[in-house]
Amino acid sequence: MFYFICILRGHYSQHKFSNKYKYFGQPVYDKQNKIHGYELLLREYDQHTNKWQLPRNVVDFPLSKIVSTIQEITPQLKDIANLSLNMTVSQITDFRAEYFFTWVLGTTNIKQLVIELDANDIKHANIFKRKEILQILRKLKQLQIKVTIENVDSSKMTYNLLQRYLPYITYLKFNIHSFNKSANHWIDITLAQWQRRIAIFNIEMIVGKIEDANQVALVNQLNIPFRQGYAYGHPKNFKK
């Protein structure tokens, strides 16, 4: 199965999108070092450096803009069984979100929809938004829509924050750099401790930003299901 993960954040016209932005696919590998799918990343062209980079001054797409963007890339989705949408807390808590999810499933060939949230975004949400997120995750489970939380780190704050959401999560994506030991970086919760905790809920682990042999050895030792980073493959241009 291939996952097509769309980073749909930003604010720009269709003309600017065509000339200034491109999608790059970052491969996700399984334990057998076979490609499991691609994470589709939006990149902005910098005329000063002549390079493609992370978009600057990015703000949230409204849901209406996400609709038009999905319509634009729909032809590329014909062979993709699973679509993962990277959304913000403000997007997922929009009162039209449930209708949006139904629309995505009804107008594409996607068999499985996955919503990806950022742990840092949840951290910055107030207590009322966090309660609202929990209610929405319950609805998504009823709709058989899977959920990923990315940028999970080694802090106790993140560990405690995500506990209430674990029964409704399918994947947790960890930033390997958060688990690098050093004199200046204290690890509250190790990858192994996270692994034992989420096994109770049958959550699958994805470890990202893997760049060197030591990090590869760590994920091999822990038998992590899915891996991502320059040690496995660099992003490649996905033409529209």
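Helices, of type H or I with at least four residues, and strands, of type E with at least two, are taken here as DSSP runs and numbered from the N terminus. The structure described is a predicted model.

## Helix α6 and its surroundings

Helix α6 comprises 16 residues, 127-142. At 1.5 Å a residue its expected span is 22 Å, and the end C-alpha atoms are 23 Å apart, which agrees. At the start of the helix, the backbone nitrogen of F128 has a side-chain oxygen of N126 within 3.0 Å.

The buried residues of α6 include I133, L134, I136, L137 and L140. Among the elements that cover the buried residues of this helix are α3 (89-92), α4 and α5 (119-124), together with the strands β6 (112-118) and β7 (146-152).

## Strand β6

Strand β6 is mostly covered, with seven of its seven residues buried. Burial applies to both faces: one side carries Q112, V114, E116 and D118, and the other carries L113, I115 and L117. The strand runs parallel to β7, to which five bridges join it. One of the paired positions is V114, whose bridge partner in β7 is K146.

## Nonpolar cores

Nonpolar side chains tend to be buried together in soluble globular proteins. In this model the largest nonpolar core has 48 residues, and the members that touch the most others are F101, I115, L172, F174 and W194. Helix α6 supplies the largest share of this core, namely five residues.

The contacts of F101 illustrate how distant parts of the sequence meet. When neighbours within four places in sequence are left aside, F101 is in contact with M87, I92, L113, I115, L140 and I145. Another core, of five residues, lies apart from the largest one; V28, V114, Y171 and I206 are among its members.

## Aromatic pairs

A pair of aromatic rings is described by the distance of the centres and the angle of the planes. With ring centres required to lie within 6.5 Å, the model contains five aromatic pairs. In one of them, F100 and W103, the centres are 6.4 Å apart and the planes meet at 25°, so the pair is stacked; the cut-off for stacking is under 30 degrees. These two residues are three apart in helix α4 (residues 97-107), and they are therefore separated by about one helical turn. F100 counts as buried at 4% relative accessibility, whereas W103 counts as partly exposed at 24%.

The pair of Y159 and W194 has its ring centres 4.9 Å apart and its planes at 70°, so this pair is edge-to-face. Y159 belongs to helix α7 (residues 156-162) and W194 to helix α8 (residues 191-199), so the pair ties together parts that are 35 residues apart in sequence. Y159, with 19% relative accessibility, is buried, and W194 is buried as well, at 0%. Ring pairs also bring F174 and F179 into a cluster with Y159 and W194. Two of these cluster members, F174 and W194, are named above among the residues that touch the most other members of the largest core.

## Loops and positive phi values

Most residues other than glycine have a negative phi. Q144, which is not a glycine, has a positive phi near 60°. Q144 follows just after α6, in the loop between α6 and β7. N202 likewise has a positive phi of about 60° although it is not a glycine, and its place is the loop between α8 and β9 (204-208).

A further loop residue is W186, found between β8 (171-175) and α8. Its side chain makes a polar contact of 3.1 Å with the side chain of D188. The C-alpha atoms of W186 and S154 are 8.4 Å apart in space, while the two residues are 32 residues apart in sequence.

The table lists the accessibility of these loop residues.

| Residue | Relative accessible area | Class |
|---|---|---|
| Q144 | 66% | exposed |
| W186 | 71% | exposed |
| N202 | 66% | exposed |

The tryptophans W186 and W194 differ in burial: W186 is exposed at 71%, and W194 is buried at 0%.

Definitions and conventions:
Residues are numbered from 1 along each chain as its sequence is written. This is a predicted model: local features need pLDDT of at least 70, side-chain atom pairs count only at pLDDT 80 or more; totals for chains, interfaces and linings use all residues. Side-chain values use heavy atoms; hydrogens and water are left out. Rings of Phe, Tyr and Trp (its six-membered ring) pair if their centres lie within 6.5 Å; planes under 30 degrees apart count as stacked, over 60 as edge-to-face and the rest as tilted. Buried means under 20% relative accessible area, exposed over 50%, partly exposed in between (1.4 Å probe, protein chains only). The expected span of a helix is 1.5 Å times one less than its number of residues. Contact means heavy atoms within 4.5 Å. A polar contact is a pair of N or O atoms within 3.5 Å; within protein, one must be able to donate a hydrogen and the other to accept it, and residues adjacent in sequence count only if both atoms are side-chain atoms. A nonpolar core is a set of buried Ala, Val, Leu, Ile, Met, Phe, Trp, Tyr and Cys residues joined through side-chain atoms within 4.5 Å. Two strands pair if DSSP finds at least two bridges between them.
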